[in-house]
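Here are some worked exercises to try with the model open beside you. Have a go at each task before you read its solution.

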Amino acid sequence: MNIHRFHSFENQVAFFTARTGVHLPRMTFGKGAFFKDLGKWSSTYSSQAQDVECVHILPDPVQGLSFPRAVDVLSSALSLSCGIVDTDEIYALLEYFGLPGSKATQPVISLSGGELLLLNFAKAKAMLTAVGGVVACSPIHWLNENSYIYWEKLVDAYHARQRFVDVALLTGEPFIDEERAKPEAAIEPVPAVEWQLVLNHPIVEFAEIRFPSYHPASRIEYGLADDRSSIEFQSPMLMTGDNGVGKSIFGKILSGILKPASGDMAISAPNGTGHARLIFQDAIDQLFGKSIDGHLAWVFRFDREKGKAAQQIYTEIDTKMRDYFKDRPKEAEALGPQAEHCTLLQAKISLIAERLATRPTVLVLDEPGWGLSGPIARKLVETVCRVAGGLQVAIVLISHHARWWTGMVRSRCHLEKQGHDHVIIRKIPEPCMKFDDTSGISE
């Protein structure tokens, strides 16, 4: 296995393009640049064929899946090496990589980040006999630690067939069998913001799908441990849980993106009782096809005062980050030029500034380290927590990489399934907390 490390998402993607010939369209320059890059890829693809065909695992795993359901993805992959695809083999592949059979007909777009990555592993295994190797970007970043075994199983399968495995990682990103560097301690404690979560058994329902193929209805009901109705937290709060347990869905309920079919959820915080605001894990998609500056201008086109506040918050976060990394130019690559906002990190800062300018009750950061090196991710979250604390905005971090936020978070909760469709939220007492290698927490 060949491991390559990069200080920025942009350099990681550049390596991927050089290694595979696949030009990923830029997502931070607006729709004009996106379609220009897409056209370039389309017009040069046939002339850039590599010496050996390989499987691609992209930084955002959904980009490697072009069919609507897992059963379609795996059927297409298996057809490369056999004329007739056995349905049982599809379900065996899902089980081999820890995915229940019910995921076979679930729309790919509705799978969690970790489930998407595991489906990429299953696809890569299905294509093994037809390719020379695999090029994988950040292949465990979306996984809980107890799911790392599935990456190891894929690598073992490729090595057994003498296929190459190229891995592109970001500096400080966790990886298999590597010593974990201890995060740098914050110079001063991150400001605390007290807030309360009130839960009345909210139930999210997902309707059955009949066309183009059938998938049964499903639901998730959330509740607090010990049948409590409310729970108090100190911000920053860390939320952990296994892949597919419903962390991101919970964040969408908090922010009002998803409405419970029954029951309800409420927030009580210094800035009031309204919904939270949310930054998706694949934050770059929240630009909605616009450039970084274009998106910010579009959001506040009818509220110049909030637009100015967002610009000030952006400048404050950007300045503090540049000051911290001024003597570490390689790591500062992710910050990009001050005069031109074009990197993934700058997109994240802009989206965060936009939300903080509205002074919400809570800001939810779903896997904020995605696409960032360890030091950059930690400094970004620390800086955002300090700025948010000054605005009395509570911060919730949803993350599989609990160690990255050691010494920063002030409270923690863990989501775990009980039965088929119940998810229990359990607060972890701070004095008893230690990190382990499975859930990220233990008492």
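Before starting: axes here are lines fitted to C-alpha atoms, for helices over the stretch in contact, and angles run from 0 to 180 degrees between N-to-C directions. Helices (H or I, at least four residues) and strands (E, at least two) are DSSP runs, numbered from the N terminus. This is a predicted model, in which local features need pLDDT of at least 70 and side-chain atom pairs count only at pLDDT 80 or more, while totals for chains, interfaces and linings use all residues. Residues are numbered from 1 along each chain as its sequence is written, and side-chain values use heavy atoms, with hydrogens and water left out.

**Exercise 1. Describe how α8 packs on α10.**

Step one, geometry. The axes of α8 (residues 292–299) and α10 (residues 344–356) come within 10 Å and cross at roughly 10 degrees. Angles under 35 degrees count as roughly parallel, over 145 as roughly antiparallel, 65 to 115 as roughly perpendicular and the rest as oblique. The two helices, α8 and α10, are therefore roughly parallel to each other.

Step two, residues. Contact means heavy atoms within 4.5 Å. On the α8 side look for I292, H295, L296 and V299, which meet Q346, A347, S350, L351 and E354 of α10.

Step three, chemistry. Sort them by class: Ala, Val, Leu, Ile, Met, Phe, Trp, Tyr, Cys and Pro count as nonpolar, Asp, Glu, Lys and Arg as charged, and the others, Gly among them, as polar. The contact of α8 with α10 then gives 5 nonpolar, 3 polar and 1 charged.

**Exercise 2. Now do the same for α3 and α4, and say what covers α3.**

Start with the axes again: those of α3 and α4 come within 10 Å and cross at roughly 110 degrees. That makes α3 and α4 roughly perpendicular to each other. From α3, the contact uses A70, V71, L74, S75 and L78, and from α4 it uses E89, I90, L93 and L94. By class, the contact of α3 with α4 comes to 7 nonpolar, 1 polar and 1 charged residues.

Next, burial. Buried means under 20% relative accessible area, exposed over 50%, partly exposed in between (1.4 Å probe, protein chains only). By that rule α3 is mostly covered, with 7 of its 9 residues buried: A70, V71, D72, V73, L74, A77 and L78. The cover over these buried residues includes α4 and α5.

**Exercise 3. In what order do the 4 strands of the open sheet run?**

Two strands pair if DSSP finds at least two bridges between them. Trace the pairs and you get β1-β4-β3-β2, with parallel pairing. At the edges sit β1 (2–6) and β2 (54–57), each pairing on one side only. From one strand to the next, the twist averages 15 degrees.

Zoom in on one pair: β3 (residues 133–137) and β4 (residues 164–170) share 5 bridges in the parallel sense. To find your register, take A136, whose bridge partner in β4 is V167. Helix α6 (residues 148–160) packs on the sheet, touching β2, β3 and β4, and its direction makes about 145 degrees with that of β4.

**Exercise 4. Which residues of the largest nonpolar core touch the most other members?**

A nonpolar core is a set of buried Ala, Val, Leu, Ile, Met, Phe, Trp, Tyr and Cys residues joined through side-chain atoms within 4.5 Å. This one has 60 residues, and those touching the most other members are I57, L74, L119, F121, W151, L154 and Y158. Elements giving two or more residues to this core are α1 (9–20), β2, α3 (70–78), α4 (87–96), α5 (113–126), β3, α6 and β4. The largest share, 8 residues, is from α5.

**Exercise 5. Track down the backbone oddities.**

Keep the usual case in mind: most residues other than glycine have a negative phi, and most peptide bonds are trans.

- The S235 to P236 peptide bond is cis, with omega near 0 degrees. P236 sits in the loop between β7 (230–235) and β8 (237–241).
- Q162 isn't a glycine, yet has a positive phi of about 60 degrees. Find Q162 in the loop between α6 and β4, where it counts as exposed at 74% relative accessibility.
- Q392, also not a glycine, has a positive phi of about 60 degrees. The loop between α11 (374–390) and β12 (394–398) holds Q392, which counts as partly exposed at 35% relative accessibility.
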